[in-house]
Amino acid sequence: MSRQVFLYDPPDRFVAGTVGLPGRRTFFLQASAGHRVTSVALEKTQVAALAERMDELLDEVVRRSGGSAAVPAVAPAEITDTAPLESPIEEEFRVGTMALAWDGEEQRMIVEAQALVELDAESEEDLAEAEERLLQDEENGPPMLRVRLTGAQARAFAKRALDVVNAGRPPCPLCSLPLDPEGHVCPRQNGYRRGA
């Protein structure tokens, strides 16, 4: 069976979103074009890392081009997307690895998210080699979501993704760990409650 690639070039919409209550949220990347929608699940840390790296890459593109690249400094307000994920959400796969690249000729950000795959290996060298072979295998590799975005779309995605990550549980003012509605044992207090 050949590799399944969900290609959106360009998408009508590409967003990060969640399902569930804070503390129990499932994070998704969702791309759509016309009636076609692809949703892939991933971890909160992956969403945050993707958004941060995307902003860094866009800043570097602007810097290297001397400001001539078609990349806005901030997300344009007119393309801000605050709508929920499109329903029903059908998870195609859980993301294992992600990659970002800038196509200077086409002035597009390329985002790739590949399915999580478990590999057996005797050593770290064997594991690294097996991972590289799998990632390079265009014919039989894991399923992949590939999205090509304009600079403005990429900025808007990164802003929304960081907003989604930060919309979770508020952090404890002492230890910065998330506060749970059921209670929080703060390691900075050694298990004791502060006096009022």
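Which residue in the hairpin of S5 and S6 takes a positive phi? The points below answer this and set the hairpin in its surroundings.

1. Status and overall layout. The model is predicted. Its chain holds three helices and seven strands, and the order of elements from the N terminus is β-β-β-β-α-β-β-α-β-α.

2. The hairpin. The residue in question is Gln107, with a positive phi near 55°. Four residues lie between strands S5 and S6 in this hairpin. The two strands run antiparallel and are joined by eight bridges; S5 covers residues 91-103 and S6 covers residues 108-115. For checking the register, Thr97 has Gln114 in S6 as its bridge partner.

3. The other pairing of S6. Strand S7, residues 144-149, is also antiparallel to S6, with six bridges between them. Here Met109 stands opposite Leu149 of S7. Strand S6 is thus bridged to S5 and to S7. Seven of the eight residues of S6 are buried, leaving the strand mostly covered.

4. Leu145. This residue belongs to strand S7. Leu145 counts as buried because its relative accessible area is 2%, and the cut-off for buried is under 20%. Apart from residues up to four places away in sequence, Leu145 touches Phe6, Tyr8, Phe14, Ala31, Thr38, Val40, Phe93, Val111, Glu112 and Ala113. Leu145 and Gln30 are separated by 115 residues in sequence, yet their C-alpha atoms are 9.5 Å apart.

5. Helix H3. This helix spans residues 151-166, 16 residues in total. The distance from its first C-alpha to its last is 23 Å, close to the 22 Å expected at 1.5 Å a residue. The buried residues of H3 are Gly151, Ala154, Arg155, Ala156, Phe157, Ala158, Arg160, Ala161, Val164 and Val165; two arginines, Arg155 and Arg160, are on that list. Their cover includes strands S2 (13-19) and S3 (26-33), helix H1 (44-65), and strands S5, S6 and S7. The hairpin strands of point 2 therefore reappear here as part of the cover over H3, where cover is judged by contact, meaning heavy atoms within 4.5 Å.

6. Whole-chain figures. Of the 196 residues in the chain, 34% are buried. Contacts between residues at least 6 apart in sequence join residues at least 24 apart in 64% of cases. The exposed area of the chain is about 12,000 Å², with 50% of it supplied by carbon and sulfur atoms.

Conventions: Residues are numbered from 1 along each chain as its sequence is written. This is a predicted model: local features need pLDDT of at least 70, side-chain atom pairs count only at pLDDT 80 or more; totals for chains, interfaces and linings use all residues. Side-chain values use heavy atoms; hydrogens and water are left out. Buried means under 20% relative accessible area, exposed over 50%, partly exposed in between (1.4 Å probe, protein chains only). Two strands pair if DSSP finds at least two bridges between them. The expected span of a helix is 1.5 Å times one less than its number of residues. Accessible areas come from the Shrake-Rupley method with a 1.4 Å probe; for residues, only the protein chains shown count as cover.
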